[in-house]
Amino acid sequence: MPLELFDLHVHTARCHHANGTAEDMVKAAIQKGLRAIGINDHFPMAYLPPPIPVHAYAMDISEFPGHVKELKQLREQYRGEIDVLIGSEVDYYMPAVDTIKRDLEPFMDDFDYLYGSVHVVRGFPVDDGNFLQKWDEYDVDSIFIDYYQALAEMAETRMFDVVGHVDLPKKYKKIPAGNLDGRIGKTLDAIKGAGMAVEINTAGLRKPIGEMYPSPHILEMVFDKNIEITLGSDAHDPSEVGHSFDRAIGLARQIGFSSIVCFKKRRPTAVPL
Ligand SMILES: [Zn+2]
Ligand SMILES: [Zn+2]
């Protein structure tokens with residue numbers, strides 16, 4: 001029986017750094033033979049401090065209702081062909097938690113799932129190539145430690161369903177010198193405690209680091225802690241929808257996972273591997 005695959009991590013041109021409308025992404029997913037596609041475009045993040053270019057990362061909050069309406073229309077239009085799920089990738093930034101909650105509130109009935117992701121550590125986005133010089137100001141290990149600490153805090157808010165790209169700071173080949181397994185283990189415990197899933201995100205294969213998020217080693221830790229996994233391409237172009245899912249599934253099976261979870265109305269469903 002063919003796998004009932006889905007892609008929960010897909011952006012659209014509305015975020016100002018991706019190509020393709022939501023419908024282009026849905027059509028690409030149908031062509032790839034996916035059973036479901038979740039559009040989880042970046043939640044508006046005007047709450048991040050300067051000089052972070054928030055309008056290069058996400059739509060304005062005033063556009064979000066139109067975006068959700070468009071996704072609901074697509075869900076109806078493509079019913080029977082593919083499940084269109086409504087998500088959002090929320091940038092967790094601790095000083096703005098109250099603002100984030102308030103901004104999300106009007107859409108809580110619409111979401112099938114929410115991603116919690118951390119991109120900003122020590123005031124700069126660790127995954128933006130325009131900020132690479134900031135890394136020189138700090139010890140690499142300390143940035144990773146702060147990042148994993150922020151992921152744990154994010155999980156403890158119990159606001160989200162999926163952790164995005166668990167080891168994101170490695171994107172530009174930044175590798176900690178020390179062994180951070182203790183810190184990572186604590187973060188995974190917080191994720192487990194919150195009942196969140198970890199995504200296998202294939203975008204890392206298309207970045208300088210050249211490997212998925214998380215690394216095979218961290219994915220083994222995820223497995224050992226009995227945390228569920230899900231699947232996302234982090235597509236920023238229709239051609240990237242479902243990218244390298246065969247490799248992601250292969251790795252998950254090799255480590256021992258027997259299922260991945262999909263979400264509808266914030267409820268996980270296990271899909272056998
Ligand atoms: Zn992200
Ligand atoms: Zn993303």
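Here are some notes on this predicted model, going from the whole chain down to the β8–β9–α8 region.

1. **Overall build.** The chain's secondary structure amounts to 8 helices and 11 strands. Along the principal axes, the C-alpha atoms fill a box of roughly 50 × 45 × 30 Å. The radius of gyration is 17 Å, and a compact globule with 273 residues would come out near 19 Å, so the chain agrees with that picture.

2. **Burial and contacts.** Of the 273 residues, 41% count as buried. If you take the contacts with a separation of 6 or more, 78% of them are between residues 24 or more positions apart.

3. **The β8–α7–β9 unit.** Strand β8 (residues 197-201) and strand β9 run parallel, joined by 4 bridges. To find the pairing on screen, start from Glu-199, whose bridge partner in β9 is Thr-230. Add helix α7 (residues 216-224), and β8, α7 and β9 make a right-handed β-α-β unit.

4. **Both sides of β9.** Strand β9 covers residues 229-232, and its residues point two ways: Ile-229 and Leu-231 go one way, Thr-230 and Gly-232 the other. Which of them are buried or exposed? All four are buried, whichever way they point.

5. **Ile-200 as a place to look.** This residue is found in strand β8. Why does Ile-200 count as buried? Because it has 27 C-beta neighbours inside 10 Å, where 20 or more is enough for the label. Leaving aside neighbours within four places in sequence, Ile-200 is in contact with Ile-229 and Leu-231, with Ala-248 and Ala-252, and with Met-212. Met-212 is 12 residues away in sequence, and the C-alpha to C-alpha distance between it and Ile-200 is 6.9 Å.

6. **Helix α8, inside.** Two of those contacts, Ala-248 and Ala-252, are buried residues of helix α8 (residues 245-255), along with Phe-245. Looking down the axis of α8, the buried residues fall within an arc of 60 degrees, so they line one face of the helix. What covers them? The cover includes strands β8, β9 and β10 (259-264).

7. **Helix α8, outside and end.** On the face turned away from the buried side, α8 carries the exposed residues Asp-246, Gly-250, Arg-253 and Gln-254. Just after the helix, Gly-256 takes a positive phi of about 125 degrees.

Methods
Residues are numbered from 1 along each chain as its sequence is written. Chains are lettered from A and ligands numbered from 1 in the order in which they are written. This is a predicted model: local features need pLDDT of at least 70, side-chain atom pairs count only at pLDDT 80 or more; totals for chains, interfaces and linings use all residues. A residue is buried if 20 or more other C-beta atoms lie within 10 Å of its own, exposed if 12 or fewer, and partly exposed in between; C-beta atoms are placed from the backbone. Helices (H or I, at least four residues) and strands (E, at least two) are DSSP runs, numbered from the N terminus. Two strands pair if DSSP finds at least two bridges between them. A crossover is right-handed if, with the strands pointing away from the viewer, the path from the first strand over the helix to the second runs clockwise. Two residues are in contact if their C-beta atoms, placed from the backbone, lie within 7 Å. The arc is that of the directions from the helix axis to the C-beta atoms. The radius of gyration is taken over C-alpha atoms; the globule rule is 2.2 Å times the number of residues to the power 0.38.
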